[in-house]
Every structure is written in structure tokens, then in C-alpha cells.
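Student: I'd like a close look at a single part of this model before I set up any calculations. Could you pick one residue, start from its contacts and work outwards from there?

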Amino acid sequence: MADEPQPQWPGSTPPGGDVARQAPAKPVARRSTEVGKPAEFRSRMPRPSGVGELLAPAAGFGVTLSNFFKKTVTEEYPTEKVPPKPRFHGRHQLNRYADGLEKCIGCELCAWACPADAIYVEADDNTPEEQYSPGERYGRVYQINYLRCILCGLCIEACPTRALTMTNDYELAGPTRAGLIWEKQDLLAPLRDGMLSTPHPMVEGTTDKDYYRGAVTGPTREQEEWVAEHRPDDPSLPVNVAAGMPPAPRGATAQAQAAITAGATKQGRRVL
Ligand code: SF4
Ligand code: SF4
């Protein structure tokens with residue numbers, strides 16, 4: 001044993017002392033250091049053998065060949081418009097309660113949740129003369145910049161009153177950059193039958209919690225009388241609706257967008 005060759009270390013004492021001396025290191029494969037000669041690549045994937053190796057190209061083309069005989073899914077947009085799925089995230093809408101009051105309370109949670117900084121909100125106080133939403137505050141300024149919006153839906157998840165939801169409308173392209181900043185009047189839901197346009201008082205004897213719980217199912221006679229006294233020409237008053245007064249105009253952006261959509265629709269068949 002005394003004549004057995006021992007590994008040589010550059011220093012006087014090998015690392016690990018006697019233990020290292022008893023168990024010499026195994027040789028380690030080294031990468032090529034020659035200029036212009038890269039190290040050889042070896043895949044760790046198991047290689048097919050025999051019949052498997054013969055059928056491997058056919059298996060790869062099998063996916064392609066199986067799709068040859070399936071129905072094509074090409075859509076002829078914009079000549080033919082296919083309705084999106086019901087839960088598709090399209091442009092936003094600011095909703096109302098059954099009596100017409102706005103659900104938005106101007107809390108700005110949607111703006112804080114937005115990863116693209118696409119929402120701008122300014123709140124203001126409701127007053128007895130100008131009540132736009134149940135409770136203390138309402139959204140006086142509400143803008144969504146569709147040049148920034150990625151339609152991710154985080155804003156509607158953050159909204160505590162379900163004021164903000166998303167529609168199925170995906171045709172948001174426009175000819176101007178300014179036109180893609182939608183204002184509150186563009187985003188507000190249109191008045192449904194029986195709703196009174198804002199401002200007007202809350203239903204007598206209710207609180208904002210009653211509205212959140214769905215206890216308000218429509219405008220009352222007192223609310224209609226209040227609107228008739230302060231805005232006798234309001235087109236949402238039942239007496240004016242019965243007289244055939246045209247509905248209140250919506251925002252300029254919404255009108256421009258509707259014109260663009262209508263123009264595009266004339267190019268072909270609309271399935272929506
Ligand atoms: S959908 Fe997403 S990107 Fe668009 S406004 Fe809402 S949070 Fe912002
Ligand atoms: S839309 Fe909802 S989250 Fe945004 S300000 Fe209005 S109430 Fe708050």
C-alpha cells in the first residue's frame with residue numbers, strides 16, 4: 001500500500017485532509033475549450049426505437065392531417081359579425097338602480113384596481129337638490145381611456161356596488177384618439193322603461209343599504225312629482241313618454257361610436 005500512487009494537490013494540504021486522500025475525486029467531463037468547436041448537445045429525451053422511430057414523422061403530421069377534415073373556423077369579420085360569448089369582456093357600462101339613480105358612488109376603487117391607469121374618477125357630494133346616487137357621494141367625472149384599457153375586468157371586480165360592469169360590445173376602434181376617452185354620459189346605462197333620469201331624491205324612507213339590497217323596484221309617485229316640479233320637460237317623465245317626447249340624448253362619444261358601428265354594418269351582413 002505504501003507504493004500506491006496518491007492524488008497530487010497543488011497545496012501542501014488537500015481539502016478534506018485524510019478523507020480526501022482516501023477517496024480521490026472522480027474525473028469530471030469537461031466542455032470543449034477549443035475555439036470554434038462547441039460542446040456536443042445530447043438530448044435527455046428518450047429516443048424512440050424500432051417501429052416507434054419509423055412512425056414518429058407520421059405522428060407529428062397526424063395533428064395536421066386530422067384538422068384537414070374539420071369545419072373551418074375562419075370568421076368573415078366585419079362583413080359577418082359573430083356574437084361573442086355571454087361573459088366576454090367588452091366596453092364598460094355604469095349601471096342604474098330601478099328608479100334611475102346611478103349605482104356609482106365615486107369611491108375610485110375601480111381606478112385604483114386598474115393596472116393600465118385607464119380610469120379617472122372625481123366624486124362629489126349629493127345634495128337634496130342634486131341627488132344622483134343613493135348615499136352621500138356620486139361620481140361627478142368618470143372617464144375610461146380605451147387607448148389604455150386592456151379589458152382585463154379588474155375594475156369591475158373592485159366595484160363595491162356593481163355600478164361598473166362590462167358589455168359584449170367589442171367594436172371600440174375610432175378615428176381619433178380623443179374619441180376613445182369615454183366620458184360618464186357615454187358609459188351610463190340608458191334609462192329603461194319606468195326609470196327617471198337623475199338628479200332626483202331617493203325613494204322616501206329608504207337608505208343606501210335598501211338600494212344595495214334590491215329593495216327599490218322602481219320610481220315612486222313622490223319622485224315623479226319632484227322631477228315634474230323641477231324639470232317639467234324631462235323626457236323620462238311618464239307624461240312626456242306618453243306624449244312621444246324623444247329620449248334624452250346620450251354622450252357625443254357614444255353617438256360617434258354608434259355612427260361608426262352603423263357605417264361598418266352597412267358594409268355587409270350583421271348577425272348580432
Ligand atoms: S378592464 Fe382592466 S385595463 Fe380596462 S379599465 Fe378595467 S381594470 Fe383598467
Ligand atoms: S364604478 Fe364602482 S368602483 Fe368605480 S368609482 Fe364608481 S362605485 Fe367606485
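**A close look around L94**

Tutor: Happily! Leaving aside residues up to four places away in sequence, L94 touches E102, C104, Y142, A163, L164, K184, L187, L188 and A189 (a contact means C-beta atoms, placed from the backbone, within 7 Å). Please keep in mind that this is a predicted model, where local features need pLDDT of at least 70 and side-chain atom pairs count only at pLDDT 80 or more, while totals for chains, interfaces and linings use all residues. Residues are numbered from 1 along each chain as its sequence is written, and chains are lettered from A and ligands numbered from 1 in the order in which they are written.

Two of the contacts of L94 lead straight to a ligand. C104 and L164, both touched by L94, are among the closest residues to ligand 2, together with C107, C110 and C159. In total, 14 residues surround ligand 2 (near means a C-beta atom, placed from the backbone, within 6 Å). The shell of ligand 1 has 13 residues, and its closest members are C114, C149, C152, L154 and C155.

L94 also has a leading place in the largest nonpolar core (buried Ala, Val, Leu, Ile, Met, Phe, Trp, Tyr and Cys residues joined through C-beta atoms within 7 Å). That core has 25 residues, and L94 and I144 are those with the most contacts inside it. Strand β3 is the element that gives the most to this core, namely three residues. In general, nonpolar side chains tend to be buried together in soluble globular proteins.

From I144 we can move into the sheet. I144 has W182 in β5 as its bridge partner, and two bridges join β3 to β5 (residues 181-182) in an antiparallel arrangement (strands pair if DSSP finds at least two bridges between them). β3 (residues 137-145) also pairs with β2 (residues 119-125), again antiparallel, over seven bridges. Here D125 stands opposite R137. Put together, the three strands make an open antiparallel sheet in the order β2-β3-β5. Because β2 and β5 stand at the edges with a single partner strand each, one side of each has no neighbour in the sheet.

Just ahead of β2 comes the loop that starts after α3 (109-113), and D117 lies in it. D117 is not a glycine, but has a positive phi near 55 degrees. D117 counts as exposed because 11 other C-beta atoms lie within 10 Å (buried means 20 or more other C-beta atoms, placed from the backbone, within 10 Å of a residue's own, exposed 12 or fewer, and partly exposed in between). R162 also has a positive phi, near 60 degrees, and is another non-glycine residue. R162 sits in the loop between α4 (154-158) and β4 (164-166), and with 10 C-beta neighbours inside 10 Å, R162 is exposed.

If you plan to check backbone torsions, there are also two cis peptide bonds to look at. One runs from Y77 to P78, with omega near 5 degrees, and P78 belongs to the loop between α2 (51-68) and β1 (92-94). The other joins T198 and P199, with omega about 0 degrees, and P199 is in the loop between α5 (184-187) and α6 (208-212).

T198 has a through-space link to a helix further along. The C-alpha atoms of T198 and V227 are 8.8 Å apart, although 29 residues separate them along the chain. V227 lies in helix α7 (residues 221-230) and is buried, because it has 23 C-beta neighbours inside 10 Å. Beyond residues up to four places away in sequence, V227 touches L196, H200, D234 and L237.

Finally, here is the whole chain as a frame for these details. It has nine helices and five strands (DSSP runs numbered from the N terminus: H or I of at least four residues for helices, E of at least two for strands). Their order along the sequence is α-α-β-α-β-β-α-β-β-α-α-α-α-α. Of the 272 residues, 18% count as buried. Among contacts with a separation of 6 or more, 71% link residues 24 or more positions apart.

Methods
Contact = placed C-beta atoms within 7 Å.
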